[in-house]
Amino acid sequence: MFKFKNLVLIACILIYSCHMSTTPNNQDKPMTNSDVHSFAKPAEAVVTHIHLNLNVDFENHILKGFAKINFKNITGTHQLILDTRDLKVSKITQGENETETKYQFGEEVKFLGKALSIEVETSTTQVTVYYETSPDAGALMWLTPEQTAGKQFPFMFSQSQAILARTWVPCQDGPGVKFTYSADITCPHSLMALMSAENDTLLHKDGVYHFNMPQPISSYLMAIAVGDVRFHSFGKNTGVYAEPVMMERCIYEFEDMQKMVDAAGDLYGEYAWGRYDMIVLPPSFPFGGMENPRLTFATPTIIAGDRSLVALVAHELAHSWSGNLVTNATWNDFWLNEGFTMYFENRIMEKLYGRDYADMLDELGFNELQETVKELGDTSIDTHLFLSLKDRDPDDGMNDIAYIKGQFFLKTVEHVVGRERMDVFINKYFTEHAFQSMTTERFITYFNENLINGDTASANKIQLEKWIYGPGIPENSFRVKSVLLEKAAAQAKEFIAGKPAKELVTKDWSTHEWLHFLRNLPEGMSREQIAELDKKFHFTMSGNCEILCDWFQHTITSNYLPSEAQLEIFLENVGRRKFIVPLYKALVKTPDGKAFAKKVYTMARPGYHSVAQQTIDEMVN
Ligand code: BES
Ligand code: ZN
């Protein structure tokens with residue numbers, strides 16, 4: 001059995017490498033055949049375009065219609081294999097004249113769903129899958145009017161990354177496959193449909209919307225949102241979509257969006273996607289942001305009223321290069337997406353707001369990385385940049401390692417080779433791999449050939465292999481010291497040493513200084529200390545979700561009851577996983593806290609997206 005498997009593997013590699021060296025254009029080039037999270041065999045038959053025709057049914061919480069899938073048969077196979085999860089297929093046809101064809105579902109595999117094998121003639125280049133989604137489709141979230149800001153209309157949105165696209169579109173759901181897409185979407189008349197594609201900025205009275213994404217993208221970047229939203233333009237190719245009652249706050253908060261896009265282009269090459277717009281979703285959106293091409297999806301929790309959390313916009317924008325243009329080939333290579341993006345994000349922030357500001361963000365990040373490494377264990381293989389997520393949910397890889405260890409690897413490289421050489425390298429890397437996928441291994445080769453290029457002194461200082469295939473934070477890591485944060489930490493120290501809260505020097509602090517202050521206060525302060533801080537700084541009533549999240553962790557560990565009602569409101573309204581996870585985690589540490597967590601979670605759970613539910617279920621039960 002073992003030998004047979006090996007033979008198959010070798011055969012696959014041969015076929016694959018053959019294909020790699022003979023296909024002329026990027027779009028037809030599946031850069032990997034070793035994606036452990038996809039059933040598809042793109043080296044045999046690869047999807048090149050998907051046309052969706054879907055009706056958005058708010059009553060039954062389903063999308064229903066068909067997907068017309070164009071593909072290229074590379075090896076003359078009689079099967080096109082797609083990924084699916086919880087899709088109800090009624091019919092599949094092949095060819096333009098739509099002859100019905102046979103198909104078969106494979107066994108259900110945890111996290112992955114089922115392979116869908118479609119019988120095709122070797123000359124076939126198109127199949128049409130008639131299907132509907134399940135009301136529990138993992139990617140989709142259907143909101144009642146009460147769960148929106150306006151409270152009048154329902155809302156729905158998708159979150160496809162990492163492997164949830166297959167719950168609403170039958171596709172080759174691995175990041176190593178890229179295809180173009182188009183769509184005809186029908187939704188209720190009063191609502192607007194948007195996708196990660198060319199969008200119309202106006203409401204269509206008939207509820208019918210046409211979309212086109214002319215550049216090839218990976219499946220995890222397919223996205224849809226339907227709701228009562230309007231558009232506001234910020235400049236030549238940027239704007240924001242939001243519910244009408246949110247619009248004014250959005251216009252203020254994201255005013256620098258056009259400047260960000262221009263700054264990013266100046267740094268690493270022309271913006272490749274035409275427009276860069278953002279949609280601000282209801283608070284149940286499980287992430288801070290999602291870099292859906294042309295249309296970033298964002299949480300409303302970044303609207304702090306003072307523009308202090310807009311680094312998230314820089315982050316999702318940066319993905320337009322690192323991720324959407326040059327894409328991690330598999331989820332094991334996730335650091336190539338997120339590490340580069342964190343590095344790039346910080347460069348945008350530095351360009352717009354200066355070095356001191358960017359240093360604050362960097363140091364906060366580095367401290368979080370240290371905490372994460374402590375939690376995972378500094379010899380854990382989960383602290384390697386290159387991950388091994390076989391038989392695991394790729395969601396497991398979504399932590400500070402890919403993001404911040406990845407970022408600090410690149411900062412260390414910059415420190416060794418100098419910024420000028422670094423920027424030439426990154427520009428070249430993006431340009432030469434645009435619309436392609438990248439494995440860690442190929443990155444290393446490219447890095448050695450194009451940046452190191454025989455400079456062994458620099459290579460020895462960088463120690464690339466240690467960073468990528470080794471645990472923890474390497475000793476040679478670049479370190480930041482933010483002068484502004486240092487002052488905030490000093491105030492925390494003084495408070496603990498007995499200085500009254502009202503005498504602390506906190507004038508002109510930004511969100512980041514407040515966060516650093518809160519993080520420098522010890523766990524388990526007395527209730528009197530908590531009360532004193534709250535009286536002076538009104539943390540419990542803060543409108544800033546970042547500050548609330550850190551503050552509530554203190555009130556929970558100190559069992560400070562006056563904050564409990566606000567904590568409950570927070571957990572029942574905000575579904576952003578980054579905030580709710582540490583709060584539930586802190587709560588379940590004590591029996592009373594756990595009882596409270598269970599009570600609140602029963603109420604809150606239906607308002608969380610499936611990826612947040614999955615995480616919290618494990619913690620609370
Ligand atoms: N692409 C990620 C979100 C993601 C990663 C979703 C993996 C599903 C699986 C996005 O770009 C991201 O990193 N979001 C962060 C933003 C932050 C680092 C500025 C978030 O949501 O917190
Ligand atoms: Zn990201």
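## Exercises on a predicted model

Helices H14 and H15 cross in a left-handed sense. The model is predicted, and the exercises below work through its helix pairs, its zinc site and some of its loops.

### Exercise 1. The H14 and H15 pair

Describe how helix H14 and helix H15 are arranged, and state which residues make the contact.

*Solution.*
- Step 1: Locate the helices. H14 covers residues 527-537, and H15 covers residues 545-557.
- Step 2: Take the geometry. The two axes come within 10 Å and cross at roughly 150°.
- Step 3: Name the arrangement. Angles over 145 degrees count as roughly antiparallel, so H14 is roughly antiparallel to H15.
- Step 4: List the contact. H14 brings Ile-530, Leu-533 and Asp-534, while H15 brings Trp-551, His-554 and Thr-555.

### Exercise 2. The H16 and H18 pair

Work out whether H16 is roughly parallel or oblique to H18, then give the handedness of the crossing.

*Solution.*
- Step 1: Find the helices. Helix H16 is residues 564-573, and helix H18 is residues 591-604.
- Step 2: Read the angle. The axes come within 9 Å of each other and cross at roughly 40°.
- Step 3: Classify. Angles under 35 degrees count as roughly parallel. The crossing at roughly 40° therefore makes H16 oblique to H18.
- Step 4: Add the hand. H16 and H18 cross in a right-handed sense.
- Step 5: Add the residues. Glu-564, Leu-567, Glu-568, Leu-571 and Glu-572 of H16 meet Phe-596, Lys-599, Val-600, Met-603 and Ala-604 of H18.

### Exercise 3. The zinc ion

Identify the residues that coordinate the zinc ion (ligand 2), and describe the site.

*Solution.*
- Step 1: Name the donors. His-315 and His-319 each use NE2, and Glu-338 uses OE. Glu-338 is listed twice, and the distances are 2.0 to 2.7 Å.
- Step 2: Check the angles. Among the 6 donor atoms at this zinc ion the angles run from 53 to 159°. For six octahedral donors, the ideal angles are 90 or 180 degrees. The site here is irregular.
- Step 3: Read the spacing. The donor residues follow the pattern H-x3-H-x18-E.
- Step 4: Place the donors. His-315 sits in helix H4 (residues 311-318) and Glu-338 in helix H5 (residues 334-353). They are 23 residues apart, and the pair links distant parts of the chain.
- Step 5: Judge burial. The cut-off for buried is under 20% relative accessible area. His-315 has 7%, so His-315 counts as buried. Glu-338 has 2%, so Glu-338 counts as buried.

### Exercise 4. Helix H9 and its surroundings

List the buried residues of H9 and the elements they pack against.

*Solution.*
- Step 1: Find the helix. H9 is residues 440-452.
- Step 2: Pick out the buried residues. They are Thr-440, Phe-443, Ile-444, Tyr-446, Phe-447, Leu-451 and Ile-452.
- Step 3: Name the partners. The buried residues pack against H5, helix H7 (400-417), helix H8 (419-432), strand S21 (436-438), helix H10 (456-462) and helix H11 (464-469).
- Step 4: Look past the end. Just after H9, Asn-453 has a positive phi of about 45°.

### Exercise 5. Two loop residues

Decide whether His-189 is buried or exposed, and do likewise for Lys-507.

*Solution.*
- Step 1: Place His-189. It lies in the loop between strand S11 (178-186) and strand S12 (192-195).
- Step 2: Apply the cut-off. Exposed means over 50%. His-189 has 53% relative accessibility, so His-189 counts as exposed.
- Step 3: Check its contacts. Apart from neighbours within four places in sequence, His-189 touches Leu-203, His-204, Lys-205, Asp-206 and Gly-207.
- Step 4: Turn to Lys-507. Lys-507 is in the loop between helix H12 (483-496) and helix H13 (511-519). Its relative accessibility is 68%, so Lys-507 counts as exposed.

### Exercise 6. Unusual backbone

State where the backbone at Ala-162, Lys-151 and Arg-294 stands out.

*Solution.*
- Step 1: Recall the norm. Most residues other than glycine have a negative phi, and most peptide bonds are trans.
- Step 2: Take Ala-162. The peptide bond from Gln-161 to Ala-162 is cis, with omega near 5°. Ala-162 lies in the loop between strand S10 (155-158) and S11.
- Step 3: Take Lys-151. Its phi is positive, about 65°. Lys-151 is in the loop between strand S9 (140-143) and S10. Lys-151 is partly exposed, at 49%.
- Step 4: Take Arg-294. Its phi is positive, near 70°. Arg-294 is in the loop between strand S18 (289-290) and strand S19 (295-298). At 10% relative accessibility, Arg-294 counts as buried.

Methods:
Residues are numbered from 1 along each chain as its sequence is written. Chains are lettered from A and ligands numbered from 1 in the order in which they are written. This is a predicted model: local features need pLDDT of at least 70, side-chain atom pairs count only at pLDDT 80 or more; totals for chains, interfaces and linings use all residues. Side-chain values use heavy atoms; hydrogens and water are left out. Donors are N, O and S atoms within 2.8 Å of the metal (3.2 Å for Na, K and Ca); water is not among the atoms, so sites may look incomplete. Four donors count as tetrahedral if all angles lie between 85 and 135 degrees; four count as square planar and six as octahedral if opposite donors are over 155 degrees apart and all others between 65 and 115; anything else is irregular. Helices (H or I, at least four residues) and strands (E, at least two) are DSSP runs, numbered from the N terminus. Buried means under 20% relative accessible area, exposed over 50%, partly exposed in between (1.4 Å probe, protein chains only). Axes are lines fitted to C-alpha atoms, for helices over the stretch in contact, and angles run from 0 to 180 degrees between N-to-C directions. Angles under 35 degrees count as roughly parallel, over 145 as roughly antiparallel, 65 to 115 as roughly perpendicular and the rest as oblique. A crossing is left-handed if the near helix is turned anticlockwise from the far one by less than a right angle, and right-handed if clockwise. Contact means heavy atoms within 4.5 Å.
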